[in-house]
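Hi everyone, thanks for making time this morning. Let me put the model up on the screen, and then we can walk through it together.

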Amino acid sequence: MRFESKLPDVGTTIFTVMSRRALEEGALNIGQGFPDYPIDPRLGESLVDAVAEGHNQYAPMEGVIALREQIALKLKTSYAIEFDPGTEITVTCGATEALYDSIQAVVGPGDEAVIFDPAYDAYEPAVRLAGGRCVRIPLTPPAFRFDWDRVRHGLSDRTRLIIVNSPQNPSCTVAERADLDALAALIRDRPITVLADEVYENVLYDGRRHASVLAHAELRPRSFAVFSFGKTLHATGWRVGYCVAPPELTRELRKVHQFNTFSIAAPLQHAIARYLAQYPDSWTGLSAFFEAKRNLLAGLLRGSGFEPVPAAGTYFLLVDYGALSQSSDIEFADRLIREAKIATIPLSPFYATAPKMTLLRLCIAKRDETLKTAAQRLLAFATRR
Ligand code: PMP
Ligand code: GLN
């Protein structure tokens, strides 16, 4: 039988490819974004309790109410705004599902969505599966800033969605309040929804504060904001995220969610709800925690030929290997796996048309010993070259 692929040019994600290569080559994996240290044991105990207490059947479609209430409390602590757990908060299978559902909810055949390159890889395939197309606008290097004039020129009568990601993976930059003002002004009289991927809302460095669409009075009523307990609780494998949006957008999102995953693992939701109730400030130290890791790795690599690029947030660090090689990032990343036994993430797969660049993304959500070993291997590679 012949059938036509809906995504003929889409391969396996670069994260999976590099993690697989790391296993094959026995390399240290500091590519794909996941912690290599344990979760808080008290969170694990909450899960054991939730299972023992019998929370093992379908959770409500929109999420366990105790968890949605804890999410509302967290949002109030962060942004001083009250959200209604009943109509504005939905628990999803990681942020990935929240992104997918939001996109399916508002993008239809022939519609356009603006995304910013280098763009997280989950956006474009979801837009295309909805029948839409992405207009990809580069963040201007080297500082990866938004060029709002360029965005204006990228809008059309068919634009239905703008996806902003701050703190941004993979550039490690953050949107300023002025960026949100510019975005709000741009879409003021247009039928455009905003999808804000804010999974790194709690990881900003050097005293920066996160500018959330939820704290922006003009953007809030027209935005989906997407978050992940994978990041907040160092538990990427639990696959629990959530979407916050006004009732009319939440209603549309839930129409997709209920036929996509229907509901999310019940014991995991109960465990997180209980943990947050008992330890409500478990996430407040994340910026300091990751800032120390950024400083450690950047300090070890400075001057090595893997030059750290200033990072404002996320749990990644970009390094520029231009002083060592002018090979393409994909070739160079593969060489590092084979010769230095280090797996990283090249940046070009995050672009529609990648400019010439010599950047690799390293994940800093690792034990200090892992970061030190990674730096030693990179330094040894740079000196023996
Ligand atoms: N958005 C961004 C920017 C991410 O970096 C990630 C994961 N690293 C996700 C979404 C997906 O989050 P989750 O694992 O909760 O699906
Ligand atoms: N978001 C993670 C990263 O940026 C990867 C998630 C995945 O592999 N799908 O590394």
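Here is a question to get us going: how far is a nitrogen atom of ligand 1 from an N or O atom in the side chain of aspartate 197? The distance comes to 2.6 Å. Please keep in mind as we go that this is a predicted model.

Let's stay with ligand 1 for a moment. Lysine 231 also points a polar side-chain atom at this ligand, with an N or O atom 2.4 Å from a ligand nitrogen. On the oxygen side, arginine 239 takes part: an N or O atom of its side chain is 2.8 Å from an oxygen atom of ligand 1. How much of ligand 1 does the protein bury? On its own the ligand exposes 390 Å², and 94% of that is buried by the protein.

Now for the neighbours. Ligand 1 has 13 residues around it, and the closest of them are Thr96, Asp197, Tyr200, Ser228 and Lys231. If you sort that shell by character, you get five nonpolar residues, five polar ones and three charged ones. Which helix gives the largest share of the shell? That is helix α4, residues 94-106, which supplies four residues. As for the location, ligand 1 sits in the largest pocket.

On to ligand 2, which also sits in the largest pocket. Around ligand 2 you will find Phe15, Gln32, Gly33, Tyr120, Asn169, Phe316 and Arg361. By character, this shell splits into three nonpolar residues, three polar ones and one charged one.

Which atoms of the protein come up to the oxygens of ligand 2? Glutamine 32 brings a polar side-chain atom to 2.7 Å from a ligand oxygen. Glycine 33 uses its backbone instead, with a polar atom 2.6 Å from an oxygen atom of the ligand. Then there is arginine 361, whose side chain has an N or O atom 2.7 Å from an oxygen of ligand 2. Taken by itself, ligand 2 has 300 Å² of accessible area, and the protein covers 78% of it.

Let's step away from the ligands and look at the protein itself. How many salt bridges are there? The count comes to 26. One to look at is the salt bridge between aspartate 334 and arginine 21, where the closest N and O atoms are 3.0 Å apart. Aspartate 334 belongs to helix α12 (residues 329-340) and arginine 21 to helix α1 (residues 14-25), so this pair ties together parts that are 313 residues apart in sequence.

Two loop residues to finish. Glutamate 53 is in the loop between α2 (41-52) and α3 (65-79). Its side chain makes a polar contact of 2.8 Å with the side chain of arginine 274. Glutamate 53 and proline 267 are 214 residues apart along the chain, and their C-alpha atoms are separated by 9.2 Å.

The other loop residue is threonine 284, found between α10 (266-278) and α11 (286-301). The side chain of threonine 284 reaches the backbone oxygen of aspartate 281 at 2.8 Å. And how far apart are threonine 284 and serine 327 in space? From C-alpha to C-alpha they are 41 Å apart, with their positions 43 residues apart in sequence.

That's my tour, and I'm happy to rotate the view for anyone who would like another look.

How values were computed
Residues numbered from 1 in each chain as written. Chains lettered and ligands numbered in written order. Predicted model: local features only at pLDDT ≥ 70, side-chain atom pairs only at ≥ 80, totals over all residues. Heavy atoms only, no water. Near = heavy atom within 4 Å. Polar contact = N/O pair within 3.5 Å; in protein donor to acceptor, adjacent residues only side chain to side chain. Areas by Shrake-Rupley, 256 points an atom, 1.4 Å probe, with all protein chains shown as cover. 1 Å grid on protein atoms, 1.4 Å probe; cavity = no way out; pocket = protein on both sides within 12 Å on 5 of 7 lines; lining within 4 Å. Sits in = over half its atoms within 2 Å of the grid points. Nonpolar A, V, L, I, M, F, W, Y, C, P; charged D, E, K, R; others polar. Salt bridge = Lys/Arg side-chain N within 4 Å of Asp/Glu carboxyl O.
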